[in-house]
Amino acid sequence: MSGVASIHLVENALLVSIQDDVTDTEIIDLQDALSNRIADENVDGVIVDISALEIVDTFVGRVIAQLAGISRLLAAETYVVGMRPAVAVTLVELGMYLPQTRTALSLSHALAQLRRG
Amino acid sequence: MAEPQPDFLHKILQRIDLKTGKDAVQARQVVARELKARGVSALRVTRFATAVSEIARNVIVHGGGGHFTVGLNAATSYLDVECRDRGRGIPDIDQAMKDGFTTAGGLGRGLGGAKRLSDRFEIETVPGQGTTVRMSAKI
Ligand SMILES: Nc1ncnc2c1ncn2[C@@H]1O[C@H](COP(=O)(O)OP(=O)(O)OP(=O)(O)O)[C@@H](O)[C@H]1O
Ligand SMILES: [Mg+2]
């Protein structure tokens, strides 16, 4: 897999960082790698870090929703962390609410929620 | 369809051929950079860059590729963007602008969203000949 997105194990979760210029082909690789890691490492959660994203458009919104869908099928909860305030406002104007995911303020908040189970 | 502003794209800053997703990323990054350089707030930069990303992706996904041009309208203080393709065009523009309408299994929020996120927005489309979107952000 290219260096555009990375997956790291943190406690009982997989941390996925999405880069600002991610492309369609890289997303497919990422989904593939993520589904394998969720199954192999038996994690409770997937934390998608979007702090590097300058914008979230419908393309990236769909990517996040698909990652969440894969996680859910494999019994892991998805958290989105690092959303910039301007991105949050813009998502509401686009009418995208990412209903499949939970939003946490930071990585440590997301991990704390996962520990509580 | 309204005539474009006579001074639209008065001073051209950059052109990019839109063929792949990477080109759409480059287009919205150029727009963000130009707005930031002119002191536009983070929120307004994000809103307009998102709008440009939606329209540039539509050119690639639905329009078979095309051209992006960004420029200044010094007289009226707008950053202007034009995205143009020679694709199949949009038969019913009112329907296409509605949130949730998609012919490609998308979310159908790109066109309506881009209009809401721009300070000026106009679309010109001829079925079988192509689509041109002109959009601007106040600077
Ligand atoms: N440049 C274009 N050329 C031809 N058809 C277009 C073009 N742009 C938009 N359309 C049509 O208008 C519809 C709505 O566009 P819109 O961007 O709102 O949704 P979408 O691209 O299908 O999904 P998404 O929410 O991911 O953007 C498209 O499905 C397509 O049929
Ligand atoms: Mg679209």
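What volume does the second largest cavity have? The second largest cavity has a volume of about 40 Å³. It is one of the sites shown in the close-up views below, which are taken from a predicted model.

**View 1. The largest pocket and the residues around its centre.** The volume of the largest pocket is about 760 Å³. Its lining is made up of 38 residues, and the closest to the pocket centre are B:Asn58, B:Val61, B:His62, B:Thr102 and B:Ala104. Sorted by class, the lining of the largest pocket holds 15 nonpolar, 15 polar and eight charged residues.

**View 2. Helices and strands that line the largest pocket.** From chain A, α2 (58–73) supplies at least two residues of the lining of the largest pocket. From chain B, at least two residues each are supplied by the helices α2 (42–61), α3 (93–97) and α4 (110–117), and by the strands β3 (78–85) and β5 (130–138). The element that gives the most to this lining is α2(B), with seven residues.

**View 3. Ligand 1 in the largest pocket.** Ligand 1 takes up the space of the largest pocket. Two or more residues of the shell around ligand 1 come from each of α2 of chain A, α2 of chain B and α4 of chain B. There are 21 residues around the ligand, and those that come nearest are A:Arg62, B:His62, B:Thr102, B:Thr103 and B:Gly108. The site is shared between chains, because residues from both A and B surround ligand 1. By class, the shell around ligand 1 has five nonpolar, 11 polar and five charged residues.

**View 4. Polar atoms of chain B beside ligand 1.** In the side chain of B:Thr102, an N or O atom is 2.5 Å from an oxygen atom of ligand 1. B:Thr102 is also listed among the residues closest to the centre of the largest pocket. The backbone takes part as well. A polar backbone atom of B:Leu111 is 2.9 Å from an oxygen atom of ligand 1, and a backbone N or O atom of B:Gly110 lies 3.2 Å from an oxygen atom of the ligand. Ligand 1 taken alone exposes 600 Å², of which the protein buries 96%.

**View 5. The largest cavity, lined by residues of chain B.** The structure holds two cavities of 30 Å³ or more. The largest cavity has a volume of about 50 Å³. Its lining consists of B:Leu35, B:Val40, B:Arg44, B:Arg47, B:Phe48, B:Leu117, B:Asp119, B:Ala137 and B:Lys138. At least two of these lining residues are supplied by each of α2 and β5 of chain B. The largest share, three residues, comes from α2(B). The lining of the largest cavity divides into five nonpolar and four charged residues, with no polar ones.

**View 6. The second largest cavity, lined by residues of chains A and B.** Chain A lines this cavity with A:Asp20, A:Asp21, A:Val22, A:Ile55, A:Asp57 and A:Val60. Chain B lines the second largest cavity with B:Val25, B:Arg28, B:Ser53 and B:Arg57. Two helices of chain B, α1 (21–37) and α2, each supply at least two residues of this lining. Four nonpolar residues, one polar residue and five charged residues make up the lining of the second largest cavity.

Conventions: Residues are numbered from 1 along each chain as its sequence is written. Chains are lettered from A and ligands numbered from 1 in the order in which they are written. This is a predicted model: local features need pLDDT of at least 70, side-chain atom pairs count only at pLDDT 80 or more; totals for chains, interfaces and linings use all residues. Side-chain values use heavy atoms; hydrogens and water are left out. On a 1 Å grid over the protein atoms alone, a cavity is a set of points where a 1.4 Å probe fits but cannot get out, and a pocket is an open set with protein on both sides within 12 Å along at least five of seven lines; lining residues have an atom within 4 Å of a point. Grid points are joined across faces, edges and corners, and a volume is the space filled by probe spheres set on the points. Helices (H or I, at least four residues) and strands (E, at least two) are DSSP runs, numbered from the N terminus. Ala, Val, Leu, Ile, Met, Phe, Trp, Tyr, Cys and Pro count as nonpolar, Asp, Glu, Lys and Arg as charged, and the others, Gly among them, as polar. A residue is near a molecule or strand if one of its heavy atoms lies within 4 Å of it. A polar contact is a pair of N or O atoms within 3.5 Å; within protein, one must be able to donate a hydrogen and the other to accept it, and residues adjacent in sequence count only if both atoms are side-chain atoms. Accessible areas come from the Shrake-Rupley method with a 1.4 Å probe; for residues, only the protein chains shown count as cover. A molecule sits in a cavity or pocket if more than half of its atoms lie within 2 Å of its grid points.
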